[in-house]
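I opened this notebook to keep a record of what I looked up, entry by entry, with each value noted beside the residue it belongs to.

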Amino acid sequence: MSWKFAVSTLGIPAAPIDEAIAVAVDGGCEGLELRVHADEALHLGIRDDDAVDVGRRVRAAGLAVATLAGYVRICSPEDDAEVLAELRGLIRLAERVGAENIRVFPGGGTDPSAPRGAAEADELRVAQRDRARRRISAVLDDLRAAGVRLLVETHDSHPTGATTVELVEGLADPSLVGVLWDGLHPWRSGEDPATTRAVLGDRCVGFQIKDAVARDGRWVPVAPGGGELPVEELAEVLQDWSGWVSFEWERAWHPQIEPLVEVLPAAAEWVRR
């Protein structure tokens with residue numbers, strides 16, 4: 001096992017890059033997962049020189065840019081041209097910053113496993129799968145040229161390992177295209193950690209540690225070990241795995257929760273067990 005510890009800037013929304021660096025360094029992290037969003041210091045419209053400077057500042061602090069967390073939705077019913085333009089913009093940004101990975105979402109809009117007729121469900125599943133594979137295939141040369149890997153997160157329309165891995169099967173190898181395992185979504189969707197680990201296999205090239213409690217119909221983040229997720233089982237099934245483990249504290253979506261610096265030590269303790 002060789003885990004590298006990163007922290008996501010989702011936990012410090014709109015913070016300057018120097019603040020994010022300080023939080024990561026003080027928290028004993030080895031890398032940053034940088035959110036790419038119009039509200040953040042890093043966004044798709046940033047000037048190339050400024051993007052390069054962000055990467056330099058991160059590396060000068062002894063950190064790596066583990067992942068650029070973008071919001072491209074590769075299963076979206078939008079036109080291919082729109083999705084590919086955003087995707088190529090994210091790849092270009094990752095090259096300028098010097099990021100190892102980019103994160104994208106399935107974003108199919110509708111969960112293919114939701115109750116519906118068998119024929120309709122299969123038609124939707126195939127349509128979403130084909131959109132994702134077509135679009136990822138179209139940027140494989142871009143990824144190779146940039147030295148960047150694309151990660152599809154277990155999220156939204158494809159919350160489990162089984163549904164997400166289908167989107168990337170047969171596309172290059174895991175050094176170029178893989179899956180980012182969000183610790184919450186497969187489990188809350190009924191897929192136990194051992195099953196997720198097994199179905200992802202070598203496509204699992206990133207993991208987000210988190211914990212949460214169900215409250216008023218929502219999953220509210222809590223420090224690792226303080227919620228309902230089987231965090232001990234997650235650690236156990238990842239013992240033979242190596243890669244980036246990122247702590248994603250969703251304060252951007254839950255502004256009432258504790259500041260990131262107060263819960264980061266619990267995540268560090270989980271990673272360094």
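Entry 1, an exposed aspartate. I began with D216, which I noted as exposed because its relative accessible area is 78%, over the 50% cut-off. I was working throughout with a predicted model, and I kept that in mind for each value below. I placed D216 in the loop between β8 (211–215) and β9, and I read for D216 a positive phi of about 55 degrees, although D216 is not a glycine. I added the background to the entry: most residues other than glycine have a negative phi.

Entry 2, a second positive phi. I then looked up D156, whose phi is near 35 degrees, again a positive value in a residue other than glycine. I found D156 in the loop between β5 (149–153) and α6, and I wrote down D156 as partly exposed because its relative accessibility of 28% falls between the 20% and 50% cut-offs.

Entry 3, the aromatic rings. How many aromatic pairs does the structure hold? I noted six, and I followed two of them in detail. W3 and W270 form a stacked pair, with 5.1 Å from centre to centre and 15 degrees between the planes. This pair links distant parts of the chain, since W3 sits in strand β1 (residues 2–8) and W270 in helix α10 (residues 260–271), 267 residues apart. W3 counts as buried because its relative accessibility is 10%, under the 20% cut-off, and W270 counts as buried because its value is 2%.

I turned next to W181 and F207, which form an edge-to-face pair at 5.1 Å centre to centre, with 85 degrees between the planes. Here too the pair links distant parts of the chain: W181 belongs to strand β6 (residues 177–182) and F207 to strand β7 (residues 204–209), 26 residues apart. I noted both W181 and F207 as buried, and I recorded that ring pairs link W3, W181, F207 and W270 into a cluster.

Entry 4, the nonpolar core. Which residues of the largest nonpolar core touch the most other members? I listed L68, I102, L143, F247 and W270, out of the 80 residues in this core. Helix α3 (residues 80–97) gives the core its largest share, eight residues. Returning to W270, and leaving aside its neighbours within four places in sequence, I found W270 in contact with W3, F207, I209, V231, L234, A235, L238 and V245. As background I wrote that in soluble globular proteins nonpolar side chains tend to be buried together.

Entry 5, three helix residues. I looked up V58 in helix α2 (residues 48–60), and I entered V58 as buried because its relative accessible area is 0%. Not counting residues up to four places away in sequence, V58 touches I17, I21, L32, L63, A64 and V65. The C-alpha atoms of V58 and G31 are separated by 8.4 Å, with their positions 27 residues apart along the chain.

I then took V165 in helix α6 (residues 161–168), which counts as buried because its relative accessibility is 6%. Beyond its neighbours within four places in sequence, V165 is in contact with V179, V199, L200 and R203, while the C-alpha atoms of V165 and A64, 101 residues apart along the chain, are separated by 26 Å.

R133, in helix α4 (residues 118–138), I entered as partly exposed because its relative accessible area is 24%. With residues up to four places away in sequence left out, R133 touches E166, L167, E169 and L171. The C-alpha atoms of R133 and V177, 44 residues apart along the chain, are separated by 11 Å.

Entry 6, the largest pocket. I closed with the largest pocket, in which about 310 Å³ of space lies. Of the 20 residues that line this pocket, I noted H155, D182, H185, E250 and W253 as the closest to its centre. The elements that give two or more residues to the lining are β2 (31–35), β3 (64–73), β4 (101–105), α7 (185–188) and β9 (218–222). How do the residues of the lining divide by type? I wrote down seven nonpolar, four polar and nine charged.

Definitions and conventions: Residues are numbered from 1 along each chain as its sequence is written. This is a predicted model: local features need pLDDT of at least 70, side-chain atom pairs count only at pLDDT 80 or more; totals for chains, interfaces and linings use all residues. Side-chain values use heavy atoms; hydrogens and water are left out. On a 1 Å grid over the protein atoms alone, a cavity is a set of points where a 1.4 Å probe fits but cannot get out, and a pocket is an open set with protein on both sides within 12 Å along at least five of seven lines; lining residues have an atom within 4 Å of a point. Grid points are joined across faces, edges and corners, and a volume is the space filled by probe spheres set on the points. Helices (H or I, at least four residues) and strands (E, at least two) are DSSP runs, numbered from the N terminus. Ala, Val, Leu, Ile, Met, Phe, Trp, Tyr, Cys and Pro count as nonpolar, Asp, Glu, Lys and Arg as charged, and the others, Gly among them, as polar. A nonpolar core is a set of buried Ala, Val, Leu, Ile, Met, Phe, Trp, Tyr and Cys residues joined through side-chain atoms within 4.5 Å. Buried means under 20% relative accessible area, exposed over 50%, partly exposed in between (1.4 Å probe, protein chains only). Contact means heavy atoms within 4.5 Å. Rings of Phe, Tyr and Trp (its six-membered ring) pair if their centres lie within 6.5 Å; planes under 30 degrees apart count as stacked, over 60 as edge-to-face and the rest as tilted.
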